[in-house]
Amino acid sequence: MSSSTVSDFVIDRLIEWDLHRFYGFPGDGIGGFDGALERAESAGKAFRYIRPTHEEIAAFMACAHAKFTGEVGVCIATSGPGATHLLTGLYDAKMDNQPVVAIVGQQGRVSLGSDTQQQLDLERVFADVAGYVQTVTTPMQAQLVVDRAVRIARAQRCPTVVILPADIQNADMEEPTLEHWVSRTGVGHASTELTPPESELRRAAEVLNAGSKVAMLVGQGARGATDEVIAVAEKLGAGVITALLGKDVVPGDLPYHTQQVGLLGSKPSYDMMQDCDTLLMVGSNYPYAEFLPKSGQARGVQIDLSSRHLSLRYPMEVNLAGDAKATLTALLPLLTQQKDRSWQEQAIEGMKDWNEVTEREAMTKADPINPRYVYHLLNERLPHNSIVTADAGSTADWYGHHIKLGRDMRGNLSGMLASMLAAMPYAVAAKFAFPDRPVVCTIGDGAFQMLGMNELITVKRHWKTWDDPRFIVMVLHNDDLTQVSWEMREVGDPRWDTSQRVEDMDYAGYAELLGLRGIRVDKPDQVADAWDAAFSADRPVVLDIHTDPNVPPLPAHISFAEAKGFLATLVKGDPAESAVIRNSLRAVGAQLFANARNVVSRVTPDKE
Ligand SMILES: Cc1ncc(C[n+]2csc(CCOP(=O)(O)OP(=O)(O)O)c2C)c(N)n1
Ligand SMILES: [Mg+2]
């Protein structure tokens, strides 16, 4: 491929790396590169450029593209403010180990270090977030920088940044020569299907075979290894817990898949972690100590492609650095068949109870609508190949508690960064990646007001190009930053209306304004029909569902005493004059005690 300018070359090289989806936003600092993109698009080159409404969205979309497709995500921004807007999305990629390449403009080379307009020290700006960041200072260097950025992003599963000064963007491309210091680089990823040595696998098998209560904790690192995870669980008689990002790695209908653990997890997962004698962690970096076994309680084996994650959250006896699928495949013949199924049976029985509890919780009355009910009905209706996203607020709790993803479904959210707003760019990027699949974005009203609403404008622009027009945004309309309101109460502070209130607005009306469908739902008996209408609509739909902010996202294992103390704090903390609390206290109390009764009956059935 002969390229005339450095920008032409960079585009051709990205395509040569098999990268065909670019999320970007223009500006004169990246103007030369944008000019080359225009030429490339006119020439019919194999890529699609999508311009969302904000660079932060572009970076989130690149991260989501990587998550949903397994490819390297690409985002593009101008110098200065465009570059800094990318940061949150790039941190999302860093924290969730996703390969993303950012192409960022810079002022001309002569300006570097001058603090001229929109000139930032971008190498310093991106130094923490990026696994590799480099300014292209001569045309001949472009090949090396692009190749390293793509290779490192994929090999080390991190964001990398290519900085293109404005004058370099339009400079004539120069092929690397055979001169001193010149590197000539090539395209192509190495396989990461690494297997640990036999001796390590044998040590791991010894530990696992000796266990009679094996808990598996499976994360997104096990993607692609679903069959192997199940085969190992069958051999060991294990129960399987998934981390939130690994929710769709193990089918929701596997009876001993107890879903998540922790604040948004299930009681059977909690019990499994409390009682297990062996912990097998696969591709997970689950961070919360209090939900993992006590030190010394369980013998640990961990499998992770990245050695830096090994023995990070729990002191493991055997650490296996390797690909989940390859390692589990090599481990399987070394495992002995566990005949006693009682441990696994316990998880199965626990899930039967838990399913009843979550259903009961979903059916509890609230004012006007219980958010759990919304998710319960969604779960019953999810089409077989759908993709679901959730956000950092209470939607993550309800997604964890009420959604079970079938084998051909996908689900995701901003995991380790837990950033608000990500649900929307994730959903839109999922739709661009799979235009033939129904996508459901579940997002809080606070997050939707952040930049989510703006992204609906991108949906307006593009939805007619999607094979399946079904794109549903379910806005959990509670006029509150609920998740944080509850966090305030949990530490004994009153809910602070000044910071917590989300200004009411007509989200359904806004959707209609954009030529999409908007459905307002403010009575429980409208929820089922609204989901059905959205899943059979001929265009994207916003479901504006008015839900109760005072349904508490209580953890599954909370005791009766804790629930009572919690309510006492709530009464003491929130000023009596607070209309929100006064009006909802009864409902909250009922909810808390209904919840607590369930918990007590689950923990100590003989005391009921
Ligand atoms: C970018 C960002 N800012 C702030 C937070 C802290 N935070 C976590 S959840 C939340 C409230 C979310 O409110 P909303 O989107 O309305 O969802 P709800 O909890 O009400 O369902 C806040 C402020 C965050 N996680 N990310
Ligand atoms: Mg809210």
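**Figure 1. Helix α11 is mostly covered in this predicted model.** Helix α11 spans residues 267-275. Of its 9 residues, 7 are buried. The buried residues are Lys267, Pro268, Ser269, Tyr270, Asp271, Met272 and Met273.

**Figure 2. Alanine 243 sits in the loop between β8 and α11.** Strand β8 covers residues 239-242. Is alanine 243 buried or exposed? Alanine 243 has 25 C-beta neighbours inside 10 Å, and the cut-off for burial is 20 or more, so this residue counts as buried. Leaving aside neighbours within four places in sequence, alanine 243 is in contact with Leu217, Gly219, Gln260, Ser284 and Tyr286. Glycine 415 lies 172 residues away from alanine 243 along the chain. The C-alpha atoms of these two residues are separated by 9.5 Å.

**Figure 3. Histidine 85 belongs to helix α4.** This helix runs over residues 81-85. Histidine 85 has 18 other C-beta atoms within 10 Å, so it ranks as partly exposed. Buried status would need 20 or more such atoms, and exposed status 12 or fewer. Beyond its neighbours within four places in sequence, histidine 85 is in contact with His54, Glu55, Glu56 and Ala77. Between the C-alpha atoms of histidine 85 and alanine 153 there are 20 Å. Along the chain, histidine 85 and alanine 153 are 68 residues apart.

**Figure 4. Helices α1 and α7 cross at roughly 30°.** Helix α1 comprises residues 6-16, and helix α7 comprises residues 142-156. The two axes come within 10 Å. Angles under 35 degrees count as roughly parallel, so α1 and α7 are roughly parallel to each other. The crossing of α1 past α7 is right-handed. From α1, the contact uses Val6, Phe9, Val10 and Arg13. From α7, Ala142, Gln143 and Val146 take part. By class, this contact has 5 nonpolar, 1 polar and 1 charged residues.

**Figure 5. The axes of helices α16 and α17 come within 8 Å.** Helix α16 holds residues 423-433. The crossing angle is roughly 25°, and α16 and α17 are therefore roughly parallel to each other. On α16, the contact residues are Ala423, Met424, Pro425 and Val428. On α17, they are Ala447, Gly452, Glu455, Thr458 and Val459. The contact of α16 with α17 divides by class into 6 nonpolar, 2 polar and 1 charged residues.

**Figure 6. Twenty residues surround ligand 1.** Which residues come nearest to ligand 1? They are Gly393, Gly444, Gly446, Thr482 and Gln483. Three elements give two or more residues to the shell around ligand 1: α15 (394-402), α17 (445-462) and α18 (482-490). The shell divides into 8 nonpolar, 9 polar and 3 charged residues.

**Figure 7. Helix α14 packs several other elements with its buried residues.** Helix α14 spans residues 371-381. Its buried residues are Pro371, Arg372, Tyr373, Val374, Tyr375, His376 and Leu378. Among the helices, these buried residues pack against α13 (342-363), α15 and α21 (527-535). Among the strands, they pack against β14 (439-444), β15 (471-477) and β17 (541-546). Helix α15 also gives two or more residues to the shell around ligand 1.

Key
Residues are numbered from 1 along each chain as its sequence is written. Chains are lettered from A and ligands numbered from 1 in the order in which they are written. This is a predicted model: local features need pLDDT of at least 70, side-chain atom pairs count only at pLDDT 80 or more; totals for chains, interfaces and linings use all residues. A residue is near a molecule or strand if its C-beta atom, placed from the backbone, lies within 6 Å of it. Helices (H or I, at least four residues) and strands (E, at least two) are DSSP runs, numbered from the N terminus. Ala, Val, Leu, Ile, Met, Phe, Trp, Tyr, Cys and Pro count as nonpolar, Asp, Glu, Lys and Arg as charged, and the others, Gly among them, as polar. Axes are lines fitted to C-alpha atoms, for helices over the stretch in contact, and angles run from 0 to 180 degrees between N-to-C directions. Angles under 35 degrees count as roughly parallel, over 145 as roughly antiparallel, 65 to 115 as roughly perpendicular and the rest as oblique. A crossing is left-handed if the near helix is turned anticlockwise from the far one by less than a right angle, and right-handed if clockwise. Two residues are in contact if their C-beta atoms, placed from the backbone, lie within 7 Å.
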